[in-house]
Amino acid sequence: MLTEFVDRIRSAHAANTPLVIQGGGSKDFYGNAHEGEVLNTRALTGVVDYQPKELVLTAQAGTPLAEIEALLAEHEQMLAFEPPHFGGNPLPNPLPNPLPQAGEGANDALRAPKSSNATLGGCIAAGLSGPRRPYAGAARDFVLGVRMIDGTGQPLRFGGQVIKNVAGYDVSRLMAGALGTLGLITEVSLKVLPKPAAETTLQFELDETAAIENMNRWAGQPLPLSATSWHAGLLTVRLSGAESAVHAAQARLGGEWLHDAAAFWQRLRDQATPFFDKRPLWRLAVKPTTPPLNLGSAEWIEWGGAVRWLASDLPAATLRDAAKTAGGHAALFRGTAPVDGAFAPLAPALLTLHRNLKQRFDPKGILNRGRLHPEF
Amino acid sequence: MLSPAFLSQLRKLLPDHCVLHAREDLVPFESDGLSAYRNTPDVVALPENESQVAAILRLCHANQVAVVARGAGTGLAAGALPVDGAVLLVLSKLNQIRHIDPLARTATVQPGVRNLAISEAAAVHGLYYAPDPSSQIACSIGGNVAENSGGVHCLKYGLTVHNILKLRAWTIDGQLLEIGNDTLDSPGYDLLALMTGSEGMLAVITEVTVKLLPRPQRAQVVLAAFDDVAKAGAAVGNIIAAGVIPAGLEMMDRLAIQAAEAFVHAGYQLDCEALLLCEVDGVNEEVSDDILTVHDVLAASGATEIHTAESEEQRLKFWAGRKAAFPAVGRLAPDYYCMDGTIPRARLPHVLKRIGEMSAEYGLPVANVFHAGDGNLHPLILFDANLPGELAKAEAFGGKILELCVEAGGTITGEHGVGLEKIRQMCAQFAPPELARFHDVKAAFDPDTLLNPGKAVPELHRCAEWGAMHVHGGQLAHPELPRF
């Protein structure tokens, strides 16, 4: 199976044919528009190795994320970076799939698809993480190794299946978030973690300034925080850990207990609430202590204050300046990307390094041309 | 040799006391923490600020002179070994803590700041910097980034790469790179990951912003003895399967236990084959729960004795033996050679058995100290460098141990880095196309190969010369890869 992908990329390299790498298509919206022949990874499917006691899972790139998470759940483990699944096109399903009935629950069912299409390869290539990220780490933090095929059709293996490994440059982490522009990921090894024994979610009515301050203050204290969100005057905080620890923290923090917490965090993770339907949707990543940005649109704050979502028609430059001043960067997450690309432009010295790396891994620029950066 | 003209230009960039060239001043810099490798530098530059670093790099680039960056010199892989005809760029004078932001939980420091000094400075805010390599009282953060240093708390708190946010670094042609930022991710490729562990081969770091974590409320340690190494190894997996991620999980074998106990009297049981130290930390209530779980799992895993530290004093005493294991083993023989392989934990019994067999073949004893939680094995080979041929024998044995780690599905270095020491074993771990890509990464940053040349990644033809493209048991490394 791998040989077919190698052959395909070698031919594309020889013929200078751009390829569009696709897994489940759940994140097709992400990054810049790009064109070419579709190279679908779903045939590369299956968990290669999973040793719960080693906290390591290895799977082929096309393996559905949902399948991996279900397997981990059987062993009370999880992907701690809580990767988004988003929606994507429905998988071809041989079984009749009853449509949700109108009325009760129909909207929820539509908005939180049970069988997401997201694949492991896409998850790592996009490098996106969910609500647990500030407290547990990002997708790249859990990557232990990859097998990949570079833009010349050369299969390569970097990293491995052990937690500590400093042999050679960390190319496997470099692949996380590279949006397939340096190579096709064919297999990934990830560190996994035990599921917390207990989890509870609390809500507090607070204005934006106070919510940002609390998120940061609490993160500096020994509290079992695992997710934070603020929107429309409501700070939502998830606590995870031993039952005793969660109870003690709950008693200390107060707040209102949120009944349907799992659904709340999943909808936030997958952007399955109407707030995220608006376009253009911008993601401003900032220093977490940044006060309210006051950019004239309603914000949804995540990641302890480090991410501010907003739908805004302000010029890209205005939003980018605001994020840069706040120590971070702005990306057009959903909608039509501005001319300089979906992601914040790179400083000249960094752009040179990006060009050099791209040139070395994909000399003809055939892999996801332009998706990460309009130039390559 | 560096030309007098170059040296005179270098001296113009720095105050007199910042350029060392007298023989007696150069000797202290002839090796890093791996003293078996020595080479007297041609010249040592000790810049006092960032603009001097940039000026030195530009001068070296213009003259095509190589640069070896060095921090505190505690590295264990000859990564900072001076290179002939190069400038040794020592960053220890860049030792200021620039800024601590307690609310955002970050510290911005110069590369020469000692690892432990960051935690000491952050303590007043109830915060600390998590990675704690055993050299943390001396090693500096710039070197930690260059080596992606770990420590005993990696399994729970991660390595350096998981605990830094931002770097200021300079390319060999003197361009400033601002990598990362004050938030949790950056646009473009993850150059922060690429820089971490790059062993001074890509750029020279002049500032690091690290993450700080709240100090755990409480830490408690359990000490368990086993009559069989395999049982101790299984107990490690069982603790993790029970859903506990210990803050530290260390194992010592018989020889290491005996050496440590004789040295610091930690109260270790002597008639056992393995000791496990398992520390849990966190919120008070969580530690109480976890310590009971750990105790039960250890008992069920066949521990012959289990002791929970009842006080902070006893906790420190239990740790004292482990922390003194290296010097303790150093008392058993004139020299020891520390290896740094990582293996999947399940392979521990097999790997220890093979190390034991090879120890007999080479006639050199081995004490094993193991970061059991993350599979990082430190076999300490005992030898006497004054006996002719013993160092070479110890090195050959060490090389075999690393190749064994690769065979077992692991890696030749978990936390010490490749440097010059393990460069041959890189040929065993990586296939030629992968080594070629490493050279490509280097060329993307440093096309003239001026930064720390000859370290970390072997030239392909050297692998062939060393005969180190190993064929294990008739199998080429990575037979599953198509070869063209």
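A residue is taken as exposed if 12 or fewer other C-beta atoms lie within 10 Å of its own, and as buried if 20 or more do. In the predicted model described here, A:Ala232 has 9 other C-beta atoms within 10 Å and is therefore exposed. The residue sits in the loop of chain A that links β11 (225-231) to β12 (234-241), and its phi is near 50°, a positive value in a residue other than glycine. A comparable description can be given for B:Gln64, which lies in the loop of chain B between α3 (50-63) and β3 (66-70). Phi of B:Gln64 is near 55°, again positive in a residue other than glycine, and B:Gln64 is exposed because 10 other C-beta atoms are found within 10 Å. A further backbone feature of chain A is the cis peptide bond between A:Arg279 and A:Pro280, for which omega is about -10°; A:Pro280 is placed in the loop that runs between α10 (261-269) and β14 (281-285) of chain A.

Chain A is divided into domain 1, made up of residues 2-87 + 112-194, and domain 2, which covers residues 198-334. The C-alpha centres of these two domains of chain A lie 26 Å apart, and the contact between them takes 12 residues from domain 1 and 18 residues from domain 2. On the side of domain 1 that touches domain 2, the residues comprise 7 nonpolar, 2 polar and 3 charged.

Within chain A, strand β4 (residues 56-60) has 5 of its 5 residues buried, so the strand is largely enclosed by the rest of the structure. A:Val56, A:Thr58 and A:Gln60 point one way from β4(A), whereas A:Leu57 and A:Ala59 point the other way, and all are buried. Strand β3 (residues 47-51) of chain A pairs with β4(A) in the antiparallel sense over 4 bridges, and A:Tyr50 has A:Leu57 of β4(A) as its bridge partner. The hairpin formed by β3(A) and β4(A) has 4 residues between the strands, and in this hairpin A:Leu55 takes a positive phi near 60°. Strand β4(A) is also joined by 5 bridges to strand β8 (residues 184-191) of chain A, the two running antiparallel, and here the bridge partner of A:Leu57 in β8(A) is A:Leu190. A:Leu57 thus has one bridge partner in A:Tyr50 and another in A:Leu190.

Beyond this strand, A:Thr63 occupies the loop between β4 and α2 (65-74) of chain A. A:Thr63 counts as buried because it has 26 C-beta neighbours inside 10 Å, where 20 or more are required. Leaving aside neighbours within four places in sequence, A:Thr63 is in contact with A:Thr45, A:Gly46, A:Val47, A:Ile68, A:Thr119 and A:Leu120. Of these contacts, that with A:Leu120 joins residues 57 apart along the chain, with their C-alpha atoms separated by 5.8 Å.

Chain B contains 17 helices and 21 strands. Its radius of gyration is 23 Å, close to the 23 Å that the globule rule gives for 484 residues, so chain B is as compact as a globular protein of that length. The C-alpha trace of chain B spans about 70 × 55 × 50 Å along its principal axes, and 56% of the 484 residues of the chain count as buried. Among the contacts in chain B between residues at least 6 apart in sequence, 71% join residues at least 24 apart.

The largest nonpolar core holds 240 residues, of which B:Val67, B:Val87, B:Leu89, B:Leu275 and B:Leu276 touch the most other members. Helix α14 (residues 390-407) of chain B gives the most to this core, with 7 residues. Not counting residues up to four places away in sequence, B:Val87 touches B:Leu10, B:Val43, B:Ala45, B:Ile56, B:Cys60, B:Val65 and B:Val67. Apart from the largest core lies another core of 16 residues, among them A:Ile212, A:Met215, A:Leu235 and A:Leu239.

The contact between the chains takes 75 residues from chain A and 84 residues from chain B. On the side of chain A that touches chain B, helix α12 (residues 348-361) of chain A gives the most, with 7 residues, and by class this side has 41 nonpolar, 21 polar and 13 charged residues.

Conventions:
Residues numbered from 1 in each chain as written. Chains lettered and ligands numbered in written order. Predicted model: local features only at pLDDT ≥ 70, side-chain atom pairs only at ≥ 80, totals over all residues. Contact = placed C-beta atoms within 7 Å. Nonpolar A, V, L, I, M, F, W, Y, C, P; charged D, E, K, R; others polar. Domains from an automatic or database assignment. Core = buried A, V, L, I, M, F, W, Y, C linked by C-beta atoms within 7 Å. Rg over C-alpha atoms; globule rule 2.2 N^0.38 Å. Pairing = 2+ DSSP bridges.
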